[in-house]
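Colleague: Before we discuss the assignments, may I see the sequence and the structure? I should then like to ask how each term is justified.

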Amino acid sequence: MKPMWKIYALAIISFLIGTSQFVISGFLDQIATTMGVSVANAGQFITVYSLTYAIATPILITLTVSIDRRKLILWSLAVFIFGNLLSYFFPSYGCFILSRMIVALGAGMVIVTTLTIATKIAPAGKQASSIAAVTTGFTTALILGVPIGRLLSFAFGWRSVFLDIALFGVLATLVIIAVVPNVKGDDPVSLLEQLALLKNPNVLTGLIITLFWLSGYAIVFTYISPYLLQGLRLPEGLLSPALFVFGIACLVGTTIGGYCADRFGITATLLIGMGINGVSLTLLSLSTGSPVFLFISLFIWSASVWSSQPTQQYNLVTLSPSQSGIMLSLNQSASQLAMAIGAAVGGITISKFSLHSITWFGTVGVAAAMILVWGLHHMRIQHAD
């Protein structure tokens, strides 16, 4: 099998992981109603998931760095499946928190490992595009997983969605066994050595870019369903189509981002994508009562956000090519920490201000990321000289 087809198989795995993470945002209002909590409090389930992912992933990657990557994915998927079954069969408040933590443990390992394999088996000159292909699977969860999850939650209850995810996890396991090759692990690196990379100003700045950029995204996305329904007064019947449009735009943005990073460079791709991101958030906040304008703004926002995803991952890999697995692991931790911060800040924003105000706070995070991208560009030029 050609390397790119193997990478597409990895994209299927990342689709499953993406669905498990993003699907909650599609029925957050239902979870809040069922458990008798506010939407802001329900949003903290995402915080718990993201914090667990952020803290545990680099530790687990360190402990398993020398294990064959294929074997590691299989073990990680087993943990992932168990966590989703726990959500379905033991759906109490406490158990749901525990299950999200278990799912996060498996998900973090799967994503980092798939990205590592993709960078190692990618054809020459296609590293960014290969990362984009795997990321496309992740973003496809927003095209199919989130809107379908919303529909299934109405038909069978939101807990049934997690049973479906567990069953697809079994199918994903079969795909891995059939097509993913054995890939040797990296040389052992201690956690202290891994964290020592943070002493590199370029690496630290690169990770902070991820933190600000994705925090701005998470402030809005965590509460996307109540924001569209209540903040922008979108009719309930148009919510699933809106989520579908959002997902399609993710796919478009990821593909464009990977291509542009290979063709035009990292800095230009990030600055243009983030600039459009900030403008589109402003347009989205002004689309109240106009579904057509809302759909257009939502598409532009989603595409611009996700154009930066493969670009930023490749950006970090180029900062330390010999330690790509560790860099991707650190970036995953930064990403999930950003999601946790965004969910928390969004919850505070809703409580203190209004649903309608979350896009303004999201724009602040994107603006800070743009400043850091420009700063990192100049730091790399100075280092090269």
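Modeller: Helices are DSSP runs of H or I with at least four residues, strands are runs of E with at least two, and both are numbered from the N terminus. This is a predicted model, in which local features need pLDDT of at least 70 and side-chain atom pairs count only at pLDDT 80 or more, while totals for chains, interfaces and linings use all residues. Residues are numbered from 1 along each chain as its sequence is written, and side-chain values use heavy atoms, with hydrogens and water left out.

Colleague: Where is R233 placed, and why is R233 called exposed?

Modeller: R233 sits in the loop between helix 11 (224-231) and helix 12 (239-264). Exposed means over 50% relative accessible area, buried under 20%, and partly exposed in between, with a 1.4 Å probe and protein chains only. R233 has 56% relative accessibility and therefore counts as exposed.

Colleague: What makes the backbone of R233 noteworthy?

Modeller: R233 is not a glycine, yet its phi is positive, at about 60°. Most residues other than glycine have a negative phi. A positive phi of about 70° is also found at G36, just after helix 2.

Colleague: What makes helix 2 mostly covered?

Modeller: Of the 8 residues of helix 2 (residues 28-35), 6 are buried. They are L28, D29, Q30, I31, A32 and M35.

Colleague: How do you know that the length of helix 14 agrees with expectation?

Modeller: The expected span is 1.5 Å times one less than the number of residues. For the 29 residues of helix 14 this gives 42 Å, and the end C-alpha atoms are 42 Å apart, so the two agree. Helix 14 is also mostly covered, with 21 of its 29 residues buried.

Colleague: Why is T311 called buried, and which residues does T311 touch?

Modeller: T311 belongs to helix 14. Its relative accessibility is 0%, so T311 counts as buried. Contact means heavy atoms within 4.5 Å. Leaving aside residues up to four places away in sequence, T311 touches G257, A261, I266, T269 and L270.

Colleague: Is A334, in helix 15, buried or exposed?

Modeller: A334 has 11% relative accessibility and therefore counts as buried. Beyond residues up to four places away in sequence, A334 touches L207, T210 and L211. The C-alpha atoms of A334 and L211 are separated by 5.7 Å, although these residues are 123 residues apart along the chain.

Colleague: What makes a space a cavity, and how many of 30 Å³ or more does the structure hold?

Modeller: On a 1 Å grid over the protein atoms alone, a cavity is a set of points where a 1.4 Å probe fits but cannot get out; lining residues have an atom within 4 Å of a point. Grid points are joined across faces, edges and corners, and volume is the space filled by probe spheres set on the points. There are 4 cavities of 30 Å³ or more, and the largest holds about 170 Å³. Its lining has 17 residues, of which F138, W306, Q309, Q332 and Q336 are the closest to its centre. Helix 15 gives the most to this lining, with 4 residues.

Colleague: How does the lining of the largest cavity divide by residue class?

Modeller: Ala, Val, Leu, Ile, Met, Phe, Trp, Tyr, Cys and Pro count as nonpolar, Asp, Glu, Lys and Arg as charged, and the others, Gly among them, as polar. By that scheme, the lining of the largest cavity has 9 nonpolar, 8 polar and no charged residues.

Key
On a 1 Å grid over the protein atoms alone, a cavity is a set of points where a 1.4 Å probe fits but cannot get out, and a pocket is an open set with protein on both sides within 12 Å along at least five of seven lines; lining residues have an atom within 4 Å of a point.
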